[in-house]
Amino acid sequence: MEKITFYDTTMRDGEQTIGVNFSIEDKVQIAKALENYGISAIEAGFPAASDQDYEGVQQVSLAVKNASVVGLARMVRKDIDAVIKSTQSAQHPMIHIFIATSPIHREYKLHMTKKEIINKVIEEVTYTKQFMNEIVFSPEDATRTEYHFLAEIIQVAIDCGATMINLPDTVGYTTPEEYGEMFDYLKSHVKNFDQVRWSTHTHNDLGMATANALAGIAHGATEIQGTINGIGERAGNVDIIEAAAAIHVRKQKFDKQTMISLKQSKKISDMVSSKTNMPIADNKPVTGRNAFAHESGIHQDGYLKRPETYEILSPESVGATASLPLGKLSGSHAIMVKLSEMGYSISRDDMAYILPIFKKIAEKTNIVSDDEIKKMMQNFWSEKVVKNV
Ligand SMILES: [Zn+2]
């Protein structure tokens, strides 16, 4: 099976989240956790942006042993030099160099013609290649760029020494089908498509970041750029944890595998959540508090008979735990299991009596706590004793 690798940008694109600012110690800790998680490349910052970013990339370069350490640069000499210097001590230094290519960015942001942009790529990628072997090139806003210009500029970048081409859906605009088509077009219009590696970079503005990244790998990309918990500019990036879980669960369909140690998903998600002060939504796939919780009676009954009836991914495999919270929709099967876990042994006749009492409590309290169950059972026993007398 083909291996899909992950390129993490939690500390660069992720740090562009409003209110998120990692200290250098945070960056080193996160980088080590990412490396253990099986991430292949760690984008640790934008060294030319600030002294702190520069030092962050430098410290991560010293701390990381197996993964590539990447710094971001515009097609600007001082940005490139800052990446070359700050990643000097990395075992596997890498640069991510980008320039916008879409008509709207060319006209209103860069004020550059296509020819000028191409010349810039030739100049700066050729310059960079003297110092760095691993060069990721991103045509920013690729998904809103004319296909023929995209193919032309990518060809130039490869000819000048780029080793990986990343296709950013900078504004979260594309759809899975369209993103796949873009890779197909480039496969047939870029001469040496197979000589370089291709990666996805998808934003979640329309909730399609994960679907788009997976479409990219189904159409020729072998690496997914993303972040932990999907943090990032505006609505964020694809969540690496979700994408890795999807490839794991549907490996037959994708015919691909990853090197991600999925068991550490919950732990690394919690770590980034606490360092960014961004709580995880209860219904977040894989890492949310409710991701493995079953409340309805029909689901709880099926789950207790065989978890796979309602579970496609085991909570243990991602370092989470299953839960069957008891509420008004729960049935006697789940309630009996819970009571026996709490040490009560009751008959089916008892249960017929308990169920309506339980439902009344649940209607008032939503999720019934262990304390409420204990209280309910005390009342039940004392009434039973009175009746028997
Ligand atoms: Zn981005």
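When we compare the directions of two helices, angles under 35 degrees count as roughly parallel, over 145 as roughly antiparallel, 65 to 115 as roughly perpendicular, and the rest as oblique. Keep in mind that this is a predicted model, where local features need pLDDT of at least 70, side-chain atom pairs count only at pLDDT 80 or more, and totals for chains, interfaces and linings use all residues. Residues are numbered from 1 along each chain as its sequence is written.

Now find helix H8 (residues 209-218) and helix H9 (residues 240-249); helices here are DSSP runs of H or I with at least four residues, numbered from the N terminus. Their axes sit 10 Å apart at an angle of about 50°, and therefore H8 and H9 are oblique to each other. The axes are lines fitted to C-alpha atoms over the stretch in contact, with angles running from 0 to 180 degrees between N-to-C directions.

Who does the touching? On H8 it's Thr210, Ala213 and Leu214, and on H9 it's Glu242, Ala243 and Ala246. Two residues are in contact if their C-beta atoms, placed from the backbone, lie within 7 Å.

Stay with H8 for a moment. 9 of its 10 residues are buried, so H8 is largely enclosed by the rest of the structure. Buried means that 20 or more other C-beta atoms lie within 10 Å of a residue's own. Among the buried ones are Asn212 and Ile217. Just after H8, Gly220 takes a positive phi of about 120°.

Notes
Helix = DSSP H or I, 4+ residues; strand = E, 2+ residues; numbered from the N terminus. Buried ≥ 20, exposed ≤ 12 C-beta atoms within 10 Å, placed from the backbone.
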